[in-house]
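Work through the following exercises with the sequence and the model side by side, and try each task before reading its solution.

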Amino acid sequence: MNSMLYTLFPKFFQSYDVNQLAAVARDSGFDAVDLVVRDGYWVTPERFAEEAPAFVQAMQRSNVKVEFATTGFSPEMLAQDDTPLRVMSDIGIRSFRMSYFSYDEHEHLFTQMEKARASMHQMAELCAKYNIKAVYQIHHGDRMLIHHAYAALSLVEGLPSEYVGIMPDPGNQFHEGTDNWRRAIGTLGSYLAGMGMKDAQYVFNPDNKTAPSKGWSKQWTPCQNGVTNWHVIAKALHEVKFQGVLNFQPFYHSSDLELLIPALQAEVAYIKKIMNEAGVS
């Protein structure tokens, strides 16, 4: 990837047609929109070979790039049929978010990590054929194997970073603790393929202060309102000469686009200002 790319994960714009989606992306300050591969969206797994090129062409007519895909593709799936890799490569997708590794509480952690690393090795070999990069996003939740940057690094260390990479996600990782962002970004090095751009905050409900949670919960919020220090992240990205995707995932106001869109526009402007001040371009 030649430069950093501001790209929108349009999960909550499912009701929009491609032209409306392109307009929102442009008006919000994005360079690009994700190619989302999901049932009920513009590109479905069943009709991927026909719908993916059509989506990319429609976006390009509106001067919106499509270089990153959000998918559920696993190495096992692609080993059986690598058509999605060929199609993505043909239409200009440079990298894609792959499937997640699940955690099994009945199996030893290191055994699961070894299996996941073998899967990443297989993914790297598959992606090498088409000069495309599989990206593993760090995610929260009891069902997820990988919660933090160092666990993610152990998946890919020694594999070719041209074909496999990692996407830290401050919003997701806040739900499991957090990371030392400067160290995490620096340690991932060439494996840093993207940043999940979302944030969250603590919310206190005094009515629940006698509960085990003591009244505290964690809720999604735009980056300009959340707990993450994006200045530290921007400086670290500048230090490693980051050239991946900034993948904005607006999970706030998910049921009200009239609230979501202005908050998203403010969020992108906020991040761009911080990145420009840090010298990231």
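**Exercise 1.** Determine how the axes of helix α9 and helix α10 are placed relative to each other.

Solution. The axes of helix α9 (residues 230-239) and helix α10 (residues 257-278) come within 9 Å and cross at roughly 45°, where axes are lines fitted to C-alpha atoms, for helices over the stretch in contact, and angles run from 0 to 180 degrees between N-to-C directions. α9 is therefore oblique to α10, since angles under 35 degrees count as roughly parallel, over 145 as roughly antiparallel, 65 to 115 as roughly perpendicular and the rest as oblique. As to handedness, α9 passes α10 in a right-handed crossing (right-handed if the near helix is turned clockwise from the far one by less than a right angle, left-handed if anticlockwise).

The model is predicted, so local features need pLDDT of at least 70 and side-chain atom pairs count only at pLDDT 80 or more, whereas totals for chains, interfaces and linings use all residues. Residues are numbered from 1 along each chain as its sequence is written, and side-chain values use heavy atoms, with hydrogens and water left out.

**Exercise 2.** Carry out the analysis for helix α1 and α2.

Solution. The axes of α1 (residues 18-27) and α2 come within 9 Å and cross at roughly 50°, and the two helices are therefore oblique to each other. The crossing in which α1 passes α2 is right-handed.

**Exercise 3.** Establish the strand order of the open sheet that contains β1 and of the one that contains β6.

Solution. Begin with the sheet of 4 strands, whose order is β2-β1-β11-β8 with parallel pairing; two strands pair if DSSP finds at least two bridges between them, and strands (E, at least two residues), like helices (H or I, at least four), are DSSP runs numbered from the N terminus. Its edge strands, each pairing on one side only, are β2 (32-33) and β8 (194-197). Strand β1 (residues 5-8) is joined to β2 by 2 bridges, and T7 has A32 of β2 as its bridge partner.

Turn next to the open sheet of 5 strands, which follows the order β3-β4-β5-β6-β7, again with parallel pairing. Here β3 (35-36) and β7 (164-167) are the edge strands, each pairing on one side only. Between β6 (residues 133-137) and β7, which run parallel, there are 4 bridges, and the bridge partner of Q137 in β7 is M167.
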